[in-house]
Amino acid sequence: MKRLYIIIIGVLLAMTANSQPSWTKKATKSVFTLKTFSADGTLIGSTNGFFTGEQGEAVSSFSPFKGASSAVVIDAQGKELPVACMLGANETYDVAKFRVAAKKTVPLTIAAADAAEGSQLWLLPYRETKQMPAGTVRKTETINTGDAYYTVAMTMPEGTTSCPLMNEAGEVVGLMQQPYRQNDSLSYAVSARFADSLRINGLSINDATLRSTKIKKDLPADHSQAVLSLYIGQNSLDSAQYLQLIDDFISRFPNSPEGYTYRAQTELVDKKFDAAARDMEQAVSVADAKDEAHFNYSKLIYQKEVYLTQDPYEPWSLDMALSEAREAEKLNPQAIYRHQQATILYAQKKYAEAADIYASLFGSELRSAELFYEASRCKAALNDTLGQIALLDSCVATFSLPYLKEAAPYLLARAQVLMDADQNRKAVNDLNEYAKLMATTVNDRFYYLRFQAEVGGRLFQQALDDIDQAIKMNPQSDLYHAEKASLQVRVGLYDEAIATATECIKMAPDHSDGYLFLGIAQCQKGLKAEGLKNLQKARELGDSQADALIEKFN
């Protein structure tokens, strides 16, 4: 009797599984086949999928999209619809969301609640069948997004990957996953709600999964995220893709100035100045924040006038750039707009006016090492060395000891100015700090520079050490050997100077320096005949110092 009861229950379950739910015929209209292709039209992959929105939104497996340049879906009526763009992807669960080019699509309703363990679900294939596969939920797990991952007691028919898994109410609860092995008694599905939630954001341009397909990516629906896409796309996309992104942005946000501003930047690079001017005028026209638009126009004109001077464009000038920056400040007084004016004035060689504006910004939010450095350049152009040093002191004072690496370029700049002002020991101190910060990148030129400062500061042993280091890093430099021989002569190391100068002559027999210092060292040691001979050689090679030295040692 017990055995008969079990047989009856099994028959009833089988009848339930093989019955056709009432929603089947309608739901089948939402399922499709997806095919993806390479650039030359070769088929890459094929799978299934289903619509989740009325405007062509759909989900499917992601794996066929890898390396694909195009894709189409074939709907239940056999109509081919091209995939227009990707809306999101997740490689971990092999899910993609995309949009097809269609005026209207029939979506499945996505279940609001997860399917409970023990509940019955149906697999809806691409084509309606008399016996729809069904099974019970063995296990419901939660993935990191909080959505469900189902294990279902059901054997998947071949070719049903990415088909929808439906509940009794005709709502889709899952997207069927590729089976681990054929004819397995267990099948797996990831939440349809998770698949439909995939979104493009501003950082998606650099998403490794999305970058693995060549199919166009949609622009984020959120304006701020779309602007972020424009910013990141400058360095992440090729020129054609980036221009397409900008055009998509302008189409979706026609009253946003960012699209016109970014397009004007590309037009500037391509020297399409008329087009860039039109776009910037449109940006000013549609912008709510007119000051920002005028500021961006000023920057664009400045870039053209400073970096593309060989390509004249009569309507633009530095005066116009200055006018745009002043208009921005008039509309909304901000330090950054005044800073732009100073930058333009410096380019116009109006150094005193630029210096005054920089000075007026020292108490603003722009106060920084860079600001003091920019002001110091004005003083340098005005030949005000003391003023330049004072501003570089303020520049370095924005950092505290121990210095961070960001201080390095300013320490180097101050050291060079101090050397020019014959304040060599102070310069050496800055160069020592620079070397600590840039220990892994300092080269022979740095050691030669510090050598010069040390010689000027009469720090001769340090200078010899540094010129040795420069020679070690660049042993073929006859200049370094000549400088070393010169210092050795100066400090009375005549034997060492003779050796160094001899090496210098071997490296550059047509240069006068080696002969000059060899001759001096030999004469100082009492080897006048040899010394005068080498001084004579230096004179023949055009050294202007040789005459006086020959006269001295004769």
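## Two six-strand barrels

Let's start with one pairing: Ala 153 has Leu 186 as its bridge partner in strand S12. Helices and strands here are DSSP runs numbered from the N terminus (H or I, at least four residues, for helices; E, at least two, for strands). This is a predicted model, so local features need pLDDT of at least 70, side-chain atom pairs count only at pLDDT 80 or more, and totals for chains, interfaces and linings use all residues. Residues are numbered from 1 along each chain as its sequence is written.

S12 spans residues 186-191, and 5 of its 6 residues are buried (under 20% relative accessible area, with exposed over 50% and partly exposed in between; 1.4 Å probe, protein chains only). On one side S12 runs antiparallel to S9, and S11 pairs with S12 in the antiparallel sense too. Strands count as paired if DSSP finds at least two bridges between them.

| Strand pair | Bridges | 
|---|---|
| S9 (residues 148-153) and S12 | 5 bridges |
| S11 (residues 172-176) and S12 | 3 bridges |
| S10 (residues 164-166) and S11 | 3 bridges |
| S3 (residues 57-60) and S6 (residues 95-100) | 4 bridges |

Down at residue level, Gly 174 meets Ser 191 of S12 as its bridge partner, while Met 166 is matched with Val 172 of S11.

Put together, 6 strands close into an antiparallel barrel, in the order S7-S8-S9-S12-S11-S10. Neighbouring strands of this sheet are turned by 45 degrees against each other on average, direction ignored (axes are lines fitted to C-alpha atoms, for helices over the stretch in contact; angles run from 0 to 180 degrees between N-to-C directions).

Another barrel closes from 6 strands in the order S1-S2-S3-S6-S5-S4, with antiparallel pairing. Its twist averages 40 degrees from one strand to the next. In this barrel's S6, Lys 97 is the bridge partner of Val 59.

Terms used
Heavy atoms only, no water.
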